[in-house]
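This report describes selected helices and one loop residue, moving from the N terminus onward. Please keep the sequence and the structure at hand while reading.

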Amino acid sequence: MKKIRWNLAITVLLLAVTTIISFCFFHFGNKYTANITVLYTLALILIALKTSGYIYGIIASIFCVFAVNYFFSYPYFRLNFTLDGYPVTFAGMLTIALITGAVTTSLKQQQQAISEREKQLAEADKEKLRANLLRAVSHDLRTPLTSIIGSADSYLENREELSETECTELVSNIREDSEWLLNMVENLLTVNSSSADKVKKSAEVVEEVVSEAILRLQKRIPDAVIHVSMPNNFLMIPMDPTLIEQVLINLMENALIHSGSTEPVDLIIRELDDAISFSVRDYGRGLSEDLLPHIFEGGQVSSGSSDSHRGMGIGLSICQTIIQAHGGQITAVNHTGDRTKGAEFTFTLPKEKES
């Protein structure tokens, strides 16, 4: 009912406005009926575009023909069906209304189908993310929990037989696994609360965000060494600083822990034409070529190190979600040189569009 009222209101309003304009044009300008017909034809096209269905265009076309005949054809304010070309004018306006209505209805149906398709794809992406996170929980979080329980049981059952060093080692393992588990839970909450329509971006200074991320990382890993390379010019881009800091921390922490190298990690920032790129490069064993195509899917991804229970998969899935929510892209490659090799993760953040 509301839609019918809206369509009627649009039809009446456009016809009324067109009639008023036609009166002004006809009585204060030239008195060519053909010009008035053009104005009503334009009104028919607008009515067909703004309303749904054919009935409003047909009613409007009938009104337009009678309006041109009654108001703007001699003798004025009287109907005269003997005018030359009257049937042609009526048929032409009716045809325009029908054709325009058919075309606009088809376009609206296509637009609606595209919108539904986009919603389905968005929902499919959400379901895929949920599945990836659930898989990550089942694989990545269960192992540290098992380790925590095992270490706690060993401490409680054998406390009197263990040396102080062994007790300290067990407690340290519990603390280490608990901290890692806490980080993963925080990441899960981050992903759950971040999407393209929820990310609140503001213009942030790149250098400040990078500095904060490194400081937070060094609280977790005090001996972490990060070499930063970035342009000398001032860089500011729209982002959610907390989420981007999380991405940088995840990538740098993975490089430090999983690369198997003691060399410093490089953080390379470049200014592109329409974006800023961030590359985290290590000089370790690199990534398995078999895992590269699936590395951001959130499954169990490990570099094969002894602490493989702390897999990178869930963290990289989170990184991809955050970067995509910012309108950027993230990639992973192995770099090789004369003396160096290792893994390199690169993500981009688009610059603010100039108005």
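What covers the buried residues of α1? In this predicted model, the cover includes α2 (33–50) and α3 (55–72). The residues of α1 that are buried are Asn7, Ile10, Thr11, Leu15, Thr18, Thr19, Ser22 and Phe26. Helix α1 itself runs over residues 2–28, and its 27 residues span 39 Å from the first C-alpha to the last, which is close to the 39 Å expected at 1.5 Å a residue.

A second region is formed by α6 and α7, whose axes come within 9 Å and cross at roughly 50 degrees; the two helices are therefore oblique to each other, and their crossing is right-handed. The residues that meet in this contact are set out by helix below.

| Helix | Residues | Contact residues |
|---|---|---|
| α6 | 206–220 | Val209, Val210, Glu212, Ala213, Ile214, Arg216, Leu217, Arg220 |
| α7 | 241–258 | Pro241, Ile244, Glu245, Gln246, Leu248, Ile249, Met252, Glu253, Leu256 |

Sorted by class, the contact of α6 with α7 has 11 nonpolar, 1 polar and 5 charged residues.

The last site is histidine 326, which lies in the loop between α8 (313–325) and β6 (330–336). With a relative accessible area of 2%, histidine 326 is buried, because buried means under 20%. Leaving aside residues up to four places away in sequence, histidine 326 touches Val199, Lys201, Pro238, Met239, Asp240, Leu243, Ile244, Leu349 and Pro350. Of these, Ile244 also belongs to the α7 side of the contact with α6.

Technical notes. Residues are numbered from 1 along each chain as its sequence is written. This is a predicted model: local features need pLDDT of at least 70, side-chain atom pairs count only at pLDDT 80 or more; totals for chains, interfaces and linings use all residues. Side-chain values use heavy atoms; hydrogens and water are left out. Axes are lines fitted to C-alpha atoms, for helices over the stretch in contact, and angles run from 0 to 180 degrees between N-to-C directions. Helices (H or I, at least four residues) and strands (E, at least two) are DSSP runs, numbered from the N terminus. Angles under 35 degrees count as roughly parallel, over 145 as roughly antiparallel, 65 to 115 as roughly perpendicular and the rest as oblique. A crossing is left-handed if the near helix is turned anticlockwise from the far one by less than a right angle, and right-handed if clockwise. Contact means heavy atoms within 4.5 Å. Ala, Val, Leu, Ile, Met, Phe, Trp, Tyr, Cys and Pro count as nonpolar, Asp, Glu, Lys and Arg as charged, and the others, Gly among them, as polar. Buried means under 20% relative accessible area, exposed over 50%, partly exposed in between (1.4 Å probe, protein chains only). The expected span of a helix is 1.5 Å times one less than its number of residues.
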